[in-house]
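The following paragraphs offer a guided reading for someone meeting this structure for the first time. Please keep the sequence and the three-dimensional view side by side while reading.

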Amino acid sequence: MNFEESQERAMVRSTAAEVAAEYGPDYWHEKEEANEFAEGFWDELAAAGFHGLLVPAEHGGAGMGMGMMGLAMETLCAEGCGMAGTWYLVVTGGMAAVGIEAYGTPDQKDRYLPDIADGDRHFSIGITEPEAGTNTLNVATRAERDGDEYVLNGNKAWITFSDRADDMILVTRTTPREQVDRGTDGITLFIVDMDNPGIEVSPIPKHGINYSRSCEVFIDDVRVPAASILGEEGDGWWALVEMLNPERIGFAAAATGIGKLAAHTAIEYANEREVFDAPIGTHQAVSFPITKAYARMEAAALMREKAAWLYDRGEDCAYETNVAKATAVEAGIEAVKQSMQAFGGWGYAREYHLERWWREINLTRLAPVTQQMAYNHIAQQLGFPRSY
Ligand SMILES: Cc1cc2nc3c(=O)[nH]c(=O)nc-3n(C[C@H](O)[C@H](O)[C@H](O)COP(=O)(O)OP(=O)(O)OC[C@H]3O[C@@H](n4cnc5c(N)ncnc54)[C@H](O)[C@@H]3O)c2cc1C
């Protein structure tokens, strides 16, 4: 085990910190209040090379791994961006990049990866459906072959960035679940151009992260060429799994990143705010809850590094990824909650950011995998009977 910081890691960390210093809490307060996509931040991530961290050098990226991406995300979040540090990277530069790199045809790689690395192409990922949330195998969006094309029909829910994405990686069934032996069979992924009259999106008003939209997507007789399949027909489950672990690692980074941002903000405040003739930080009732949560975040972040290390080596990382995600989320939520407490009533005021980070971090217990489902996986790995 070697914890020495490499030059590459130091560079990623310092670049992320520089970007976050420019796009700090006040910027995100404005974007959140205005319900506005952060174009400037998106372009800055491109200039810093972050959209292309996972894209191989031959396709215009940096060819680094999930370890570096997790570090970039956590640093962006912790140094001032909050959830945006993961949110603006995880779908396109994270999931789409790894899915296309691992399962794309040479044509697909040439077409999409350089644009992803440059920040010129924006993806959304369409998995969830109104009737198939946590149980992904129940997706019912249909893809039926018609000559050299497929005809797509179905509804998706909560698809982030689908209002502005150029493309969507769409999870469909080419064979309905009732007709396959194993639930994982019959799933097919398509890369769908969103500029299609058969696609309609409708944003879902939501609790936080309003500098982006998550939408219902209605897909009505959308014709796509057979060449737009990502991976093999009927075997798309494995391409999907390839993308889900980076997403969970990204959310683990978000949880500790937002938690650290809130904690550092609260520590500064606790050194200044005097109530009974002493800074409130002198009371262990204020300092210990934040300190304990911080200690747990440090441990969770190490587990995230292990999960990413396994992923980057092409090894099974599902257990470590779920442990990292579940523990990072618990510790991060506790850190934000206790940091808000340290702010007293001012924690409730929009201008102090804590309440926004609270709304942001609460998503991490619901998505991309709920805490219960992460623990279901972990329990099963420990030897408990499968419960889902
Ligand atoms: C802001 C936001 C953005 C999102 N972005 C995207 C996106 O870009 N693309 C996309 O595809 N999806 C996206 N999602 C969807 C998200 O991944 C799902 O909401 C999530 O997976 C849970 O699905 P569900 O909401 O249908 O919950 P359900 O599956 O209905 O579950 C409801 C509750 O029951 C619990 N539960 C169910 N079964 C079990 C069991 N066996 N054991 C224990 N507990 C169980 C769940 O943990 C959960 O608490 C997003 C969601 C949100 C809120």
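A loop is a suitable place to begin: Pro-368 sits in the one between helix α10 (354–363) and helix α11. Helices here are DSSP runs of H or I with at least four residues, strands are runs of E with at least two, and both are numbered from the N terminus. The peptide bond between Ala-367 and Pro-368 is cis, with omega about 0°.

Two remarks on the model are needed before going further. Residue numbers start from 1 along each chain as its sequence is written. The model is predicted: local features need pLDDT of at least 70, side-chain atom pairs count only at pLDDT 80 or more, and totals for chains, interfaces and linings use all residues.

The protein is divided into domain 1 (7–122), domain 2 (124–235) and domain 3 (238–382), with bounds that come from an automatic or database domain assignment. The centres of domain 2 and domain 3, taken over C-alpha atoms, are separated by 30 Å. Their contact takes 9 residues from domain 2 and 9 residues from domain 3; two residues are in contact if their C-beta atoms, placed from the backbone, lie within 7 Å. On the side of domain 2 that touches domain 3, there are 4 nonpolar, 4 polar and 1 charged residues. In this classification Ala, Val, Leu, Ile, Met, Phe, Trp, Tyr, Cys and Pro count as nonpolar, Asp, Glu, Lys and Arg as charged, and the others, Gly among them, as polar.

Where does the ligand lie with respect to domain 2 and domain 3? Both domains give residues to the shell around the ligand, so it lies between them. This shell has 22 residues, the closest being Ile-127, Gly-133, Thr-134, Thr-160 and Thr-370; a residue is near a molecule if its C-beta atom, placed from the backbone, lies within 6 Å of it. Strand β1 (123–126), strand β3 (149–160) and helix α11 (371–382) are the elements that give two or more residues to the shell. By class, the shell divides into 10 nonpolar, 11 polar and 1 charged.

Strand β3 also contains Trp-158. Its phi is near 70°, a positive value in a residue other than glycine. Trp-158 is partly exposed, with 19 other C-beta atoms within 10 Å. A residue is buried if 20 or more other C-beta atoms lie within 10 Å of its own, exposed if 12 or fewer, and partly exposed in between, with C-beta atoms placed from the backbone. Asp-221, in strand β7 (residues 214–225), likewise has a positive phi, near 50°. Asp-221 has 10 C-beta neighbours inside 10 Å and therefore counts as exposed. Most residues other than glycine have a negative phi, and most peptide bonds are trans.

Attention now turns to the helices, beginning with α1 (residues 7–22). Its 16 residues, at 1.5 Å a residue, should span 22 Å, and its end C-alpha atoms are 23 Å apart, which agrees. The expected span of a helix is 1.5 Å times one less than its number of residues. Val-12, Ala-16, Val-19 and Ala-20 are buried in α1. Seen down the helix axis, the buried residues of α1 fall within an arc of 100°, so they line one face; the arc is that of the directions from the helix axis to the C-beta atoms. The face of α1 turned away from this buried side carries the exposed residues Gln-7, Ala-10, Met-11, Ser-14, Ala-21 and Glu-22. The cover over the buried residues of α1 includes α3 (39–47), α4 (66–81) and α5 (84–103).

Helix α9 (residues 318–342) has 25 residues with an expected span of 36 Å, and its end C-alpha atoms are 36 Å apart, in agreement. Of these 25 residues, 20 are buried, so α9 is largely enclosed by the rest of the structure. Gly-344, with a positive phi near 55°, follows α9.

Helix α10 is largely enclosed as well, because 7 of its 10 residues are buried. They are Leu-354, Arg-356, Trp-357, Trp-358, Glu-360, Ile-361 and Leu-363. What covers them includes α2 (25–34), α7 (237–272) and α9.

Ala-263 lies in helix α7 and counts as buried, with 24 C-beta neighbours inside 10 Å. Leaving aside neighbours within four places in sequence, Ala-263 is in contact with Ile-290, Tyr-294, Ala-335 and Ser-339.
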